[in-house]
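Q: I am new to reading protein structures, and I would like to learn how to look at a helix and at pairs of charged side chains. Could we go through them together?

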Amino acid sequence: MVKEQVKLREIELKILKALNKSKGETTISDLEKETGLDHVAVARASAWLGEKGLVEQEETQKLYVEILKEGSKYVEEGLPERRLLNIILKLGGNATLSQLSKEASFSEEELKIALGWLRRKNWAEFKKQDSETLIHVREQPPLGDDENLLKLLNDRGVVEESQLPNEMKKMLDSLQKRNVIKTRQEKVRSLLITEEGRRLVQSGVSIVEEVSNLTSDLIKSGKWRSTKFRKYDVEAPVATIHPGKIHPVAELINEIREIFLNLGFTEIRGPFVESAFWNFDALFQPQDHPAREMHDTFYLKFPKTAKLPDKQMVQRVSKTHENGWKTGSIGWGYKWDANVARQTILRTHTTATTIRYLAEHPEPPVKVFSVDRVYRNEKLDYKHLAEFFQIEGIIVDENVTLRDLMGTLTEFYKRLGFEKVQFWPSYFPYTEPSLQSTVYVEEFGWIELCGMGIFRPEVTIPLGVKVPVLAWGGGFERLAMLRLGLEDIRDLYKNDLGWIRRTPILL
Ligand code: PHE
């Protein structure tokens, strides 16, 4: 049988030659340097050579050692035990413990560590005399293996463990425990030329010219007839590409925007820094309402107060709080204080923005929504953030009812992918009736999302609104966590690159 002559592509031959020259294992990045080819080309050619049995791939674990800041400091100043030893030598070779704690500018902790090592390294003798410990040092011991290793790492940066002399290798554990060096394991792929590969380069091979692009020139000149084209290998390994994309959180916010826009709503936005007037008073929340307290609401020092809207508006709101004004209510029955309403805060809900807008647009029909940031004085944990988003909206029109509100929210949830929705009676100071909406999610059960209701006359009449206002609002993050499969709310904003890359683009 005639053995078929092996033909190689140019890049394969380059790599084979480089491997033939090098002793031992060679990594892909060694080959990149050696041949001037890029990573993809080296990886691809190596795979081809592998299939032909000319090279073998090997994966090895390598241990890299690196000095830490504290370690570099020790290289400069000496290890604590060395410094302490010098002090004792200066004192004539003998010192008591109490002398040392005075003389040496060591913290108690440092002194303990230094003494421990003096003992362990046998650099000093310890004697009990009366109630004192006497420490005796004879001479300056030569640099130890640990000190030499630190110096070497400090000079050279990262060093592979196998390159270190054996006596230094033995120091790795203890220096790591002292927190002055660190080690890290890395998988390294390396290539080895096989016997057959070696024989082949040495006996000489012919090169095939391969073309991977069919160009118009090749077609016009007819050269394509004699050209060898490279076959597609759809399974060939390639480097992962991470194209730029929109952050998953922004992506979901955009999706929500699109749903409301498609339902005929307009987006509104308002200031993060609000007056208590729009955040609370205009919503008929009494001035001693617990939600206004420091532990729920962030109050601002600069600017400390905000301007109130026109006098008449303020008066209508204040009278409503005091005695119900013309709203048909008896109000809360306390003396309303304009200074409390002037306080500046970070808005605690987007309803502040809704009500601002409503005051300026009291004529129906109005259909607006917002997806925006709010702030609450919360302790951060896996369920709570102090800065988060709310989804909110209102419908203002003649003859709209609670059914329209439930219908709109049901449609919104459906478009987000939640089919099962339920509504429960609830309470908010500014709506009557009030509802809580829950959606059913496989694995989690019923989950509360938006609160909602019809604004009370105590809210709408002072603003000059004469028709029903359907309102809803709720947290965005819980929805985002469900959508993105997260269990810790903080993960949404950690910007872990790996997570951002792995998370598929929604839609
Ligand atoms: N503002 C309420 C909250 O922060 C939600 C809500 C908005 C309730 C509108 C009723 C009407 O939870």
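A: Let us begin with a helix, keeping in mind that this model is predicted. Helix α15 covers residues 311-323, and its 13 residues reach 18 Å from the first C-alpha to the last, close to the 18 Å expected at 1.5 Å a residue. After α15 comes Gly 324, whose phi is positive, near 95°.

Q: Which residues of α15 are buried, and what do they pack against?

A: A residue counts as buried when its relative accessible area is under 20%. In α15 the buried residues are Met 313, Val 314, Val 317, Ser 318, Thr 320, His 321 and Glu 322, and they pack against α14 (276-279), α17 (351-360) and α19 (457-463).

Q: How is a salt bridge within one helix read, for instance the one between Glu 411 and Arg 415?

A: An α-helix has 3.6 residues a turn, so residues three or four places apart point the same way. Glu 411 and Arg 415 are separated by about one helical turn because they are four residues apart in helix α18, and their side chains meet at 2.8 Å, N to O.

Q: Where do Glu 81 and Lys 121 lie in the chain?

A: These two residues form a salt bridge, with the closest N and O atoms 2.7 Å apart. The pair links distant parts of the chain, since Glu 81 is in helix α5 and Lys 121 in the loop between α7 and β5, 40 residues apart. Glu 81 counts as buried, at 0% relative accessibility, and a network of salt bridges links Glu 81, Lys 121, Asp 146 and Arg 178.

Key:
Residues numbered from 1 in each chain as written. Predicted model: local features only at pLDDT ≥ 70, side-chain atom pairs only at ≥ 80, totals over all residues. Heavy atoms only, no water. Helix = DSSP H or I, 4+ residues; strand = E, 2+ residues; numbered from the N terminus. Expected span 1.5 Å × (residues − 1). Buried < 20%, exposed > 50% of the residue type's maximum accessible area, 1.4 Å probe, protein only. Contact = heavy atoms within 4.5 Å. Salt bridge = Lys/Arg side-chain N within 4 Å of Asp/Glu carboxyl O.
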